[in-house]
Amino acid sequence: MRPLLQLLFALSSLSGFSQNAWCGTGLPDQQAELESKINVESRSTITIPVVFHVLWKDSVENISDERIYSQLDVLNTDFRALNANLKVLSKEKQNLAADMQIEFCLAFVDPFGNPAKGITRKQTSIDNIGTQNTVSIPSKAFIKNSSLGGTDAWDTEKYLNIWIGKFQSNTILAESKFPWDTIRSEDGIRIDPEYVGIHCVDALKKRFSYGRTLTHEVGHYLGLLHPWSADCTLGDQVQDTPPQRNAYYDCNKVDDDECGYIPLVENFMQFSDDLCLALFTHDQKKRVDQMISKYRPKLLSNNVSCFPFYYPTELTEDNLNFYPNPSTGCVMVDIDLDTKLEIELEIFDATGRLIHQESNIVMSIRPIEINFLQSGMYFVRAKSNGKSVTKKIIVL
Ligand SMILES: [Zn+2]
């Protein structure tokens with residue numbers, strides 16, 4: 001039995017969340033209809049400045065910069081169709097995939113012109129700040145308002161605000177506002193820290209530990225809907241996503257669709273597991289372009305400074321990193337490198353003995369997780385394209 005299905009019945013009591021699964025994004029209103037009269041010119045790549053607001057009570061909720069960087073990597077590869085799990089799909093499905101031509105960068109200047117790093121941090125004494133809302137109508141999210149103990153949004157017309165704070169239950173992982181939602185101070189995404197970025201988790205939690213909860217929520221932020229509808233029509237107002245009656249909850253629903261179409265379980269707007277989510281479609285891209293043009297035009301012309309998305313083609317000291325380090329047995333090896341390049345990894349113990357070797361790794365997911373059985377000092381050597389870099393890690 002899949003745990004999420006068992007928990008569906010508990011969700012109706014969660015105020016502010018109307019969706020009956022892990023995504024808490026509400027149902028659309030009439031403004032979600034496709035605005036077919038809007039013509040979107042062919043465009044160059046859009047870069048969206050992002051700020052992550054971390055609100056933490058327990059120190060484990062104060063997730064590392066590296067986790068957040070890995071999350072940004074996931075968003076960038078997914079929205080540029082550079083994710084390696086797309087390459088293993090059938091040609092037919094690969095042809096459905098669109099390069100969304102949207103990139104994300106950490107904002108290096110705040111709305112007042114001060115230098116920033118795209119991440120704010122604040123300790124809180126509030127339990128489950130991620131899901132606390134006022135009872136007023138419209139309600140306000142504690143995490144999004146400094147007067148309620150959270151952090152105020154940066155100008156929501158120019159920045160994508162992502163608040164990270166503990167959610168009350170494990171049934172909902174994140175929630176996004178749609179572009180047509182009107183309360184600017186609430187615009188953006190909130191997410192439980194457990195589901196941000198790529199990190200070491202136990203086997204039961206791996207379904208959502210590869211950063212694609214935010215890929216899905218950013219899809220909502222840009223106007224995309226879930227692709228299902230009870231009557232097998234266009235649940236998401238998008239032509240090239242096959243009609244489906246219900247949500248898919250894993251990667252293996254391919255022979256079980258009531259609407260008579262081949263299920264596209266790999267679409268980022270499904271509820272499938274992170275490792276099989278792989279693509280946005282061409283018509284989803286069209287809808288996003290129309291939504292940005294109508295509701296988020298300042299994203300097209302923002303002048304916010306940030307580091308652009310870029311993967312080097314050469315391995316260097318700077319683009320081989322580990323986190324956490326020291327660790328307690330599980331380490332993420334984060335290699336910022338062109339996803340097409342093959343990588344070889346070797347691990348040596350303190351005496352110089354080779355204890356592990358992997359060859360011809362094309363990074364299906366980045367970073368790579370390595371589990372160590374014994375504490376001690378180790379050396380990890382990465383090789384790619386004729387270059388070699390070695391760095392030390394400590395296992396406690
Ligand atoms: Zn959703």
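Helix α2 is where I would like to start, since α2 gives five residues to the lining of the second largest pocket, and that is the most from any element. I should say at once that what you have in front of you is a predicted model, and everything that follows is to be taken in that light. The pocket in question, the second largest, has a volume of about 700 Å³, and among its 23 lining residues those closest to the centre are Tyr-69, Asp-73, Phe-307, Tyr-310 and Asp-336. Besides α2, which spans 65-79, the elements that contribute two or more residues to this lining are β2, at 102-106, and β7.

Both of those strands lead us on to sheets, and I will take β2 before β7. Strand β2 pairs with β1 in the parallel sense over five bridges, and within that pairing Ile-46 has Ile-102 of β2 as its bridge partner. Strand β1 also runs parallel to β4, residues 160-164, to which five bridges join it, with Val-50 standing opposite Leu-160. A further parallel pairing, again over five bridges, links β1 to β3, residues 119-123, and there Trp-56 stands opposite Gln-123. How much of β1 is buried? Of its 11 residues, 10 are buried, so β1 is largely enclosed by the rest of the structure.

Turning now to β7, this strand belongs to an open, antiparallel sheet of three strands, in the order β7-β8-β11. The edge strands, each pairing on one side only, are β7 at 320-323 and β11 at 368-371, and neighbouring strands of the sheet are turned by 30° against each other on average, if direction is ignored. Between β8, residues 330-335, and β11 the antiparallel pairing extends over four bridges, and Cys-330 finds its bridge partner in Asn-371 of β11.

Finally, the metal site. Which protein atoms are the donors of the zinc ion? They are SG of Cys-23 and the NE2 atoms of His-216, His-220 and His-226, lying 2.0 to 2.2 Å from the ion. The angles that these four donor atoms subtend run from 96 to 129°, which makes the arrangement tetrahedral. Along the chain the donors follow the spacing C-x192-H-x3-H-x5-H. Because Cys-23 lies in the loop between α1 (3-7) and β1 (46-56), whereas His-220 lies in helix α5 (residues 212-221), the pair ties together parts that are 197 residues apart in sequence. Cys-23 and His-220 are both buried.

Technical notes
Residues numbered from 1 in each chain as written. Predicted model: local features only at pLDDT ≥ 70, side-chain atom pairs only at ≥ 80, totals over all residues. Heavy atoms only, no water. Pairing = 2+ DSSP bridges. Axes fitted to C-alpha atoms, helices over the stretch in contact; angles between N-to-C directions. Donors = N, O, S within 2.8 Å, 3.2 Å for Na, K, Ca; no water. Tetrahedral: all angles 85-135°; square planar, octahedral: opposite > 155°, others 65-115°. Buried < 20%, exposed > 50% of the residue type's maximum accessible area, 1.4 Å probe, protein only. 1 Å grid on protein atoms, 1.4 Å probe; cavity = no way out; pocket = protein on both sides within 12 Å on 5 of 7 lines; lining within 4 Å. Points joined across faces, edges and corners; volume = space filled by probe spheres on them.
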